Amino acid sequence: MRVEVDQPKCVASGQCVLVAPQVFDQDDEGTVQLLDATPGPELDEDVRESAAICPAAAIRLVEA
Amino acid sequence: MTDTVMDTPTGLPEHPMPRATGCPFDPPPALKDLQAERPVSRVRIWDGSSPWMITRHEDVRALLGDPRISADPRRPGYPHRSAATRERDRTRNTLLTTDDPEHARLRRMVTAPFAIRKVEALRPSVRRIVDDLIEEMLAGPNPTDLVEAFALPLPSLVICALLGVPYEQHDFFQRHSRVLVHRASTREELLASSEALTDYLDGLLAAKLADPADDVLSTLAVERVATGELTRRQAAETGVLLLVAGHETTANMIALGTLALLRNPDQLALLRDRDDPKLVASAVEELLRYLNIVHSGRRRVALEDIEIGGELIHAGDGVIFANDIANRDPGAFPDPDRLDLTRDARRHVAFGYGVHQCLGQPLARVELQVAYSTLYSRIPTLAPATDFDQLEFKHDGFVYGVYELPVRW
Ligand code: HEM
Ligand code: SF4
């Protein structure tokens, strides 16, 4: 699975960082930063939850 | 006429709806009926208008995240909370009441201090504040009011330190904050309190501009006002929003959450006896879901025709999102009326959804996690000091809670 983030859409809720800190981080302004664009399958569930919980639809998943 | 949905002459249920007597934690039964029978339907509000009411969790998320929905109260059709808020919102535009791209511009100016890493760095000082407040409470009279002794000072101290507002003046800003979140406040009261707070923040900004410190108001003054990105008035209005949103909400979650736990001793025991940060985090999400204290509904207006739940919402129609009943949607949360600290409640909408989702949520989470994980273990004998039926709930507040919570130990 590949992860894409749309930074202009991000509202800095921090939700993705709480759910999958191995995959998402925030810059100094709170905007999402991708740490790992192709996380391993063990993170599938957390990554899916991050995309679902993001209030701004700023996280997109591309199935491999 | 059904027993629970109150019919008006035109057949529409009146909003807001009353909660059932004896069930202060549960949303109004009439809302539950609407969710089951007609999840997207019209209600009648105080000014005689009939906005749509969205009650299902899935629909709330879909529509609050939809750019065809506007949060701008100056647009015709917007379902105002009262005549007083309608008047107030005519002249102010904070991030809460603007749409993108202006909303994004304003929000981005204040996101930095709420990033997870920055808020985590505050955790030790939140712990210190909690420890000190508990020490003071234990040294004071027993019984005492938990709201005054603990629930209100905690978020107030935290937000004051973050913003750079002197806590010594808390009587002043807490009094005016209460007016802003009270449904029955008259137009005059609301405007006067709004003005008093804005003038106060404006004065602080002027002082910070001359002599900046390491706090959010100084950053706003130096990086936004001095550069001309915001007028001082706009910066002051943003400051008021942060100050008010930052303590009334969290304070009510602490007091009402404590009451809910005292009424559910098995859940309280879980939290007290297991020293597990994962359980504490999950307990906070579940209490946010279960209590949904911002209970007067998110207010919006449709910019285009929108089809949802078999209904057609027209451009210009008002829309109210019933987050409280959405958080009790059996389609999203099995056995929704049960408080279960171990469930996965993360998808609750107690902080709203879409681009306006709560800016302060990371801070609120840290405060609530520290409060809930410390208070009951440090005072294992904590108990209500008054009869449950004697407690007064904030039915008339935009933010729900208890006015006082007398406790003993
Ligand atoms: C448990 C505590 C809290 C609850 C339940 C809560 C709830 C909410 C809700 C429901 C909204 C969405 C409003 C809408 O969609 O119309 C919101 C927005 C907001 N909250 Fe909170 N809040 C809490 C704590 C805080 C704190 C601690 C702060 C700041 C320090 C804060 C600042 C804000 C701001 C600035 C907005 C407006 C965001 C925007 O429009 O983009 N809140 N909050
Ligand atoms: S969950 Fe979405 S809005 Fe929140 S920080 Fe992550 S990408 Fe940004």
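## Around ligand 1, and a cavity in the model

In this predicted model, a polar side-chain atom of His356(B) sits 2.7 Å from an oxygen atom of ligand 1. His103(B) does likewise through a polar side-chain atom, with 2.7 Å to a ligand oxygen. Leu95(B) uses its backbone instead: a polar atom there is 3.4 Å from an oxygen of ligand 1.

Here are those contacts side by side.

| Residue | Part of the residue | Distance to an oxygen of ligand 1 |
|---|---|---|
| His356(B) | polar side-chain atom | 2.7 Å |
| His103(B) | polar side-chain atom | 2.7 Å |
| Leu95(B) | polar backbone atom | 3.4 Å |

Zooming out a bit, there are 26 residues around ligand 1, and the ones that come nearest are His103(B), Arg107(B), Arg298(B), His356(B) and Cys358(B). Sorted by class, this shell holds 16 nonpolar, 7 polar and 3 charged residues.

Which element gives the most to the shell? That's α11(B), with 7 residues. The elements of chain B that supply two or more residues are α4 (102-108), α11 (232-263) and β5 (298-302).

Now for the empty space. Rolling a probe the size of a water molecule over the atoms shows where such space is left. In this model the count comes to 3 cavities of 30 Å³ or more. The second largest has about 120 Å³ of space. Its lining is made of 15 residues, with Cys10(A), Ser13(A), Gly14(A), Cys16(A) and Cys54(A) lying nearest the centre. By class, that lining comes out as 10 nonpolar and 5 polar residues, with no charged ones.

How values were computed:
Residues are numbered from 1 along each chain as its sequence is written. Chains are lettered from A and ligands numbered from 1 in the order in which they are written. This is a predicted model: local features need pLDDT of at least 70, side-chain atom pairs count only at pLDDT 80 or more; totals for chains, interfaces and linings use all residues. Side-chain values use heavy atoms; hydrogens and water are left out. A residue is near a molecule or strand if one of its heavy atoms lies within 4 Å of it. A polar contact is a pair of N or O atoms within 3.5 Å; within protein, one must be able to donate a hydrogen and the other to accept it, and residues adjacent in sequence count only if both atoms are side-chain atoms. Helices (H or I, at least four residues) and strands (E, at least two) are DSSP runs, numbered from the N terminus. Ala, Val, Leu, Ile, Met, Phe, Trp, Tyr, Cys and Pro count as nonpolar, Asp, Glu, Lys and Arg as charged, and the others, Gly among them, as polar. On a 1 Å grid over the protein atoms alone, a cavity is a set of points where a 1.4 Å probe fits but cannot get out, and a pocket is an open set with protein on both sides within 12 Å along at least five of seven lines; lining residues have an atom within 4 Å of a point. Grid points are joined across faces, edges and corners, and a volume is the space filled by probe spheres set on the points.
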